[in-house]
Amino acid sequence: MKQKKETLVGYAFLAPALIIFLALVVFPICMSIYLSFTKWNFLSGWSGISWIGFDNFKRLFTRDRSFKVALINTFVYAVTIVPPTVFLALLLAHAFNGNIFCKRYFRFAFFVPYISNMVALGSIFQFLFRMDGPINGLLKAVFHLADSEIPNWLADNSLCRVPVICVMIYSGLGYCLLIYIAAIKDISKDLYEAAAIDGATSARQFFSITVPLISPTTFYLLIVRMISVFQIFAAVNIINSTGKAGGNVSLVLLVYNEAFLNYNFGYASAEAWVLVAIILVVTAIQMWGQKKWVNY
């Protein structure tokens, strides 16, 4: 009897959090799965939901050009943002592990963008890459470009991804840097001393000791940053707010526009679950590949 009472008390304490979890996580997930197989304009109410099966997914991969553009952009962002961010963070962490003047200040300076508001960072980079912004001003001064030769970063579909890539690398660098610094500090100094006695150069120690021993950290950062970049939204939304270029649209922004601008929640749900499937597949590939290069 006493054990049963304690169990009921435990469930009573668990109930508020469980109700919130079911209402705000489980129910929306199940509802979005159902809606992905329906046609539903949000303004029509619940009675406007109509089952259409796999038509949303067929339309995505056969007739929707904007989805294909967003899909390509998302993979381009993943390839151009994640590896450079992780690589630069590794180099900086290795440098900060040595004797550098004011390295605490530099660590703080690199970490601030990560905890900064992405809307603010996006606005700053939108200003930097404007036609009359500092980037074009520098290019014009260094390369003596005419006004007609200045790149229009925000309106040219072939260039509009560049500001997004830059702001994402800038904002994600600090997090990767701190994780790498912690991982490098965890490596025994005895290994470096033994390598130095054997005549190994600093570069040799870096590639033969540091890189292999922090490979689990590298794997973790690749997973985390890849998932983050696949969900890129704020940076693209802010930099694309001029409306002059659509070549930098990501999948998440496409889902947002379809759901909250066009009110097509069924089609938006289908796009969202395609994104979920892509993230799962990419993560599974990374989990399989880590067996070949990660040293535990």
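How much area does the protein expose, and what share of it do carbon and sulfur atoms supply? The exposed area comes to about 17400 Å², and carbon and sulfur atoms supply 68% of it. These values, like the others in this report, were computed from a predicted model.

**Overall form**

The secondary structure of the protein consists of 13 helices and 2 strands. Its C-alpha atoms fill a box of roughly 80 × 75 × 35 Å along the principal axes, and the radius of gyration is 24 Å, whereas a compact globule of 296 residues would have one near 19 Å. Of the 296 residues, 38% are buried. Among contacts with a separation of 6 or more, 68% are between residues that stand 24 or more positions apart in the sequence. As for charge, the protein carries 22 positive and 13 negative charges, and the mean positions of these two groups are 7 Å apart.

**The nonpolar cores**

In soluble globular proteins, nonpolar side chains tend to be buried together. In this model the largest nonpolar core has 59 residues, and those with the most contacts inside it are Y77, V164, M168, Y180 and F230. Helix α7, which spans residues 161–185, gives the most to this core, with 13 residues. Apart from this core lies another one, made of 8 residues, including M31, L35, I49 and A259.

What does V164 touch, once its neighbours within four places in sequence are left aside? V164 is in contact with Y77, I81, I232, A235, V236, I239 and N248.

**Two threonines**

T217 is found in helix α10, which covers residues 215–230. T217 counts as buried because its relative accessibility is 15%, which is under the 20% cut-off. The place of T283 is in helix α13, which covers residues 265–289. T283 and M31, the latter being one of the residues of the 8-residue core, are 252 residues apart in sequence and 24 Å apart in space, taken from C-alpha to C-alpha.

The table sets out the contacts of V164 and of these two threonines, again without the residues up to four places away in sequence.

| Residue | Residues in contact |
|---|---|
| V164 | Y77, I81, I232, A235, V236, I239 and N248 |
| T217 | I179, Y180 and A183 |
| T283 | I223 and I227 |

Y180, which T217 touches, is among the residues with the most contacts inside the largest nonpolar core, and Y77, a contact of V164, is also one of them.

Technical notes. Residues numbered from 1 in each chain as written. Predicted model: local features only at pLDDT ≥ 70, side-chain atom pairs only at ≥ 80, totals over all residues. Heavy atoms only, no water. Helix = DSSP H or I, 4+ residues; strand = E, 2+ residues; numbered from the N terminus. Rg over C-alpha atoms; globule rule 2.2 N^0.38 Å. Buried < 20%, exposed > 50% of the residue type's maximum accessible area, 1.4 Å probe, protein only. Contact = heavy atoms within 4.5 Å. Areas by Shrake-Rupley, 256 points an atom, 1.4 Å probe, with all protein chains shown as cover. Lys, Arg positive; Asp, Glu negative; His and termini not counted. Charge placed at Lys NZ, Arg CZ, Asp CG, Glu CD. Core = buried A, V, L, I, M, F, W, Y, C linked by side-chain atoms within 4.5 Å.
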